[in-house]
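Subject: Structure handover

Hello,

The structure we discussed is below, with its sequence. My notes on it follow.

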Amino acid sequence: MLDRRTLLKLIASGTAFTAVSPQVVLAKTPGKHYAMVFDVRKCTGCLSCTVNCSIENQTEPGRERTVVNQLSLKNDDAVAMIALPNQCNHCENPTCVKACPVKATYKRPEDGIVVIDYDKCIHCMNCTKACAYGARKPDPAHKNPPEKCNFCIHRLDEGLLPVCVESCIGGARTFGDLNDENSEVYQLIKNNKPYVLLESAGTKPNIFYIGLPENFEDKKWLQADFKNWQR
């Protein structure tokens, strides 16, 4: 599971972020292919996304579906500040789905969103342990299902954007269908160098990062620290 210590070690080893091929990402799949692009240059750290998500989805304190951490990176000749959202990555190969003993967690075939069927969930929390990103927030009492981002599917059904995207004052978050060549999210992937977090986990995440420092993957970042890291 992704926690502060693990991520700092991965940063130091140069394996936390991996550049991915736009051509591979934009390869057509059946149905829709929902994804989110996060531009680290535009995030102001205001946490409007976290606050509005919590209000929209009525989550309990400590079980927010999305949080944003400021990651400070340094090497011998450079300093970088990266805004790092932590939420469900709606992976192509989600480990949480495999971990669920009653198939309450599944990936929707029509659009790729990973969701929880609350009627089937038995609150075992196996999925929270299986998620490489630490994106599922367990109920300490095991009386309720875990909390996680579902791209605000109730809003999508009404033709609206996820509330974190709509409320982002810096325009750092972009959401859309990667199978739609006219969508903004498609164009951002096509025209930028996209990165994913923890590619080595083999999950093929659908949260992408752009705006990272030039030749980011070629630098050995010697020091890293978080501001307001939330597990």
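**The largest pocket**

Lining the largest pocket are 17 residues, and those nearest its centre are Val24, Val25, Glu92, Lys204 and Pro205. Sorted by class, the lining comprises eight nonpolar, six polar and three charged residues. The space in this pocket comes to about 380 Å³. Please keep in mind that the model is predicted.

**The chain as a whole**

There are eight helices and 10 strands in the chain. Of its 231 residues, 52% are buried. Among contacts with a separation of 6 or more, 66% are between residues 24 or more positions apart. The exposed area of the chain is about 11,300 Å², and 50% of that is supplied by carbon and sulfur atoms.

**Aromatic pairs**

The structure has four aromatic pairs. One of them is formed by Phe17 and Tyr209, in an edge-to-face arrangement with 5.4 Å centre to centre and 90° between the planes. Phe17 belongs to strand S1 (residues 17-19) and Tyr209 to strand S9 (residues 207-210), so the pair links parts of the chain that are distant, 192 residues apart. Phe17 and Tyr209 are both buried. Together with Phe38, Phe17 and Tyr209 make up one aromatic cluster.

**Helix H3 and the residue after it**

Helix H3 covers residues 48-57, and its buried residues are Ser48, Cys49, Thr50, Cys53, Ser54 and Asn57. The spacing of such a list can be read against helix geometry. An α-helix has 3.6 residues a turn, so residues three or four places apart point the same way. The buried residues of H3 pack against two strands, S3 (67-74) and S7 (173-177), and against two helices, H6 (153-156) and H7 (163-167).

What follows H3? The next residue is Gln58, with a positive phi. That phi is near 55°, in a residue other than glycine. Gln58 sits in the loop between H3 and S3. Gln58 counts as exposed because its relative accessibility is 69%, and the cut-off for exposed is over 50%.

**A second positive phi**

Lys103 is also a residue other than glycine with a positive phi, here near 60°. Its place is in the loop between helix H4 (95-99) and strand S5 (105-107). With a relative accessible area of 65%, Lys103 is exposed.

**Two glutamates**

Is Glu184 buried or exposed? Glu184 counts as exposed, because its relative accessibility is 53%. The residue is found in helix H8, which covers residues 184-191. Its C-alpha atom is separated by 9.5 Å from that of Val37, although the two residues are 147 residues apart along the chain.

Glu199 lies in the loop between strand S8 (195-197) and S9. At 42% relative accessibility, Glu199 counts as partly exposed, because that class lies between the limits of 20% and 50%. The C-alpha atoms of Glu199 and Ala19 are separated by 8.9 Å, with their positions 180 residues apart along the chain.

Regards

How values were computed: Residues are numbered from 1 along each chain as its sequence is written. This is a predicted model: local features need pLDDT of at least 70, side-chain atom pairs count only at pLDDT 80 or more; totals for chains, interfaces and linings use all residues. Side-chain values use heavy atoms; hydrogens and water are left out. Helices (H or I, at least four residues) and strands (E, at least two) are DSSP runs, numbered from the N terminus. Buried means under 20% relative accessible area, exposed over 50%, partly exposed in between (1.4 Å probe, protein chains only). Contact means heavy atoms within 4.5 Å. Accessible areas come from the Shrake-Rupley method with a 1.4 Å probe; for residues, only the protein chains shown count as cover. Rings of Phe, Tyr and Trp (its six-membered ring) pair if their centres lie within 6.5 Å; planes under 30 degrees apart count as stacked, over 60 as edge-to-face and the rest as tilted. On a 1 Å grid over the protein atoms alone, a cavity is a set of points where a 1.4 Å probe fits but cannot get out, and a pocket is an open set with protein on both sides within 12 Å along at least five of seven lines; lining residues have an atom within 4 Å of a point. Grid points are joined across faces, edges and corners, and a volume is the space filled by probe spheres set on the points. Ala, Val, Leu, Ile, Met, Phe, Trp, Tyr, Cys and Pro count as nonpolar, Asp, Glu, Lys and Arg as charged, and the others, Gly among them, as polar.
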